[in-house]
Amino acid sequence: MADQGNSRLQELARIEELRKRRFRKELIRRRTTRLKRLERFAEVEEVKERYRKVLSDNISYVHNEYIPLEVPDVLSLRQNYDATCNLLESIRDLVLIRGLPVFLYFDNVKHIQPGAALALTSEVFRARNLRPGRGHRFPLTGNFPQDERARRTLVEMGFFRLLHIEAPAVDWSAHDGETFHLGFMTLTQADPELIREFHHDLLEEVVLLEAGARRKLQGALIEAVSNTIEHAYSVPPPYAFMSRRSWLGGYVNPAKREFLLMVLDHGAGIPATLDATLIERFIRLSRFKAPTPQDCELIQYASELRRTSTLQPGRGKGFENMKSFVRACDDGELRVNSRCGQYIFKSDGSEVGSELSKSLGGTMIQWRIRHSSAPLKLPSDLER
Amino acid sequence: MVEGICRVSVARDFSVTPGPRYIKQGPHSGEKFRNSILLKSLKECTRLEVDLDGTAGYGSSFIDEAFGGLVRENGFNATDLKRRLTIVSKEDPSLIHDVFAAINEALPKAG
C-alpha cells in the first residue's frame, strides 16, 4: 500500500516536471517570436540555447502523456463545491490553456449531483471539441466509475451519449425508481421544439401543471436559453469557448412530485454582462452594500431588472417567470451560480446571496419545483 | 389597404411552438413573426385580430419583439397600432396585457 502511494507520488512529481517543461517551452516560444518580430535574430539563438540547457531530452514525450486528474468521490456543487470547481478549473487550465491531454479517474466517485455532472459534461464537451487530440488521441479521456450507481447515473444523464463515447454496461434493475434524469441536451439556438421535447414527456407525468403553467414553463425555458445565446458570450470569457452554446439538464422525482431543470453556459457570467450604466445607477441609489457590488448582488439585481422597469430588452423577464413558479408551488427554489456569486430564491419569497470561493466558469441556473397538491396554477401577470 | 378585419392565428399561420426574440437566436422567432405575418397583414388591412391561443407557450421576448418591434423597428405609432390591433387570448388573458405593455413601452428608433 505504501509502495503504491510512493509510486503515485513519484508519478505526480514526474508529471509536474513535465508540466513545468511544457510551460518553459511555451515561454521560450513566445520570447523567440517576439525577438524575431523585433529582428533581434542574434538574441533568438541565445534564448534557444538557454532553453536547450533547461530541457534535456525527449520533449515530444510531453505531448503524448496524459495528466491524471482524480474526480472527487462526491461530485456536487452543493455538498462539495470547492473540490468540484477545482476539477473543472484544472480541466480548463490543462486542456484549454496549456494544451495538455488529461485523463479523468472516476475510480472513487460515489455520488454525482446533476448540476455538477452537467458542468463536467460541458467541460469535457468543450475540451474535446476545441482541442483536437494528437495522434488519434482525445485531449481528454478517462475511465468509467467503479461504483454501479454513479455509472448508472452518468449513463442516464446522457454523459457518454453527448460525448459520443460508448456507454458502459449498467444494471437497470437496481435503479432506485425514484429519480429519473432528463438526458443532457446542448443547443446553439433557442429551438422551441427541442426545448419542448426536452421537458414535455417526463414533466407532464410528474407535477400536475395547469395548462397555463405548462405554457409558462415552456416560455421560461425559451427565455433562459435565448438569454444565454444573446447575452452570455457578449463579453469574451477568460477561456476558449464555443459561442452561443448552452446545456440543458434535469431530473424528475415522481414520488416526491418534484423536478429540477438546469441551464448552463460558459460565458463571462451575469455580473460581467450587465450594463455598466445601470449598475452605476443602482450604486448611486445605494442598492448595494459596498461601493463595489458583489457578484451575488449583481445576479439578484439582474433578476429584478424587469420589476424595476429598466426595460433592458430580454433581461430579467425569464427570471421573473421562473420566480412565479417557485412562488406558486409547495416547495421550490431558483438557484443561480454565476462567476463567484450565488443567488437563491425560495418559495416563501426569501432571497439569499453569497460569495463562493471559486467560479464555476460560467452561469448555471437550477430551477427546482415540488408540488403535490392541486394542479399548479400561476397567478396571471395582472394579479401580481 | 382593405377596409375590414384580417384574422391571424399564431398557431395556425406561424407555429405552435413560438420561439425566441430574434431570427438569429432560433426558429419561429418574434422577429420572424413580425416580418412575415404582422407587417404583411397590417399593410393589407385596416384592422388586425391576432389569436394567440393554441400554442405551447410564449417567451416574453417573443411578444415584446413581435408587437413592441412594430413601434421600435417599423415606425408604427403606438396609439394608432393599439387602435388597429385586437388580441385574442382565451387560454392566457394576461398575454393581452403583455402585448399592449410591449407596445406602450417600446421607444421608436432614433433617426
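**Exercise 1.** In which sense do strand E6 (residues 180–187) of chain A and E7(A) pair, and over how many bridges?

*Solution.* The model is predicted: local features need pLDDT of at least 70, side-chain atom pairs count only at pLDDT 80 or more, and totals for chains, interfaces and linings use all residues. Residues are numbered from 1 along each chain as its sequence is written, while chains are lettered from A and ligands numbered from 1 in the order in which they are written.

Step 1. Strands (E, at least two residues) and helices (H or I, at least four) are DSSP runs numbered from the N terminus, and two strands pair if DSSP finds at least two bridges between them.

Step 2. E6(A) and E7(A) pair in the antiparallel sense over six bridges. A:His181 stands opposite A:Tyr251 of E7(A).

**Exercise 2.** Describe the pairing of E7(A) with strand E8 (residues 258–265) of chain A, and the burial of E7(A).

*Solution.* Step 1. E7(A) and E8(A) run antiparallel and are joined by eight bridges. A:Gly250 has A:Leu261 in E8(A) as its bridge partner.

Step 2. The hairpin of these strands has four residues between them, and in it A:Arg257 takes a positive phi near 55°.

Step 3. A residue is buried if 20 or more other C-beta atoms, placed from the backbone, lie within 10 Å of its own, exposed if 12 or fewer, and partly exposed in between. Seven of the eight residues of E7(A) (residues 246–253) are buried, so the strand is largely enclosed by the rest of the structure.

**Exercise 3.** State where A:His371 lies and whether this residue is buried or exposed.

*Solution.* Step 1. A:His371 belongs to the segment after strand E12 (363–370) of chain A.

Step 2. With 23 other C-beta atoms within 10 Å, A:His371 is buried.

Step 3. A:Asp330 is 41 residues from A:His371 in sequence, and their C-alpha atoms are 4.9 Å apart.

**Exercise 4.** Compare the span of helix H2 (residues 30–44) of chain B with the expected span, then locate its kink and its packing partners.

*Solution.* Step 1. The expected span is 1.5 Å times one less than the number of residues. For the 15 residues of H2(B) this gives 21 Å, and the end C-alpha atoms are 20 Å apart, which agrees.

Step 2. The bend at a residue is the angle between axes fitted to the seven residues ending there and the seven starting there. H2(B) has a kink of about 35°, centred on B:Leu38.

Step 3. Buried residues of H2(B) include B:Phe33, B:Leu38 and B:Leu42. With contact set at C-beta atoms, placed from the backbone, within 7 Å, the buried residues of H2(B) pack against strand E2 (45–51), helix H3 (60–72) and helix H4 (78–84) of chain B.

Terms used. Contact = placed C-beta atoms within 7 Å.
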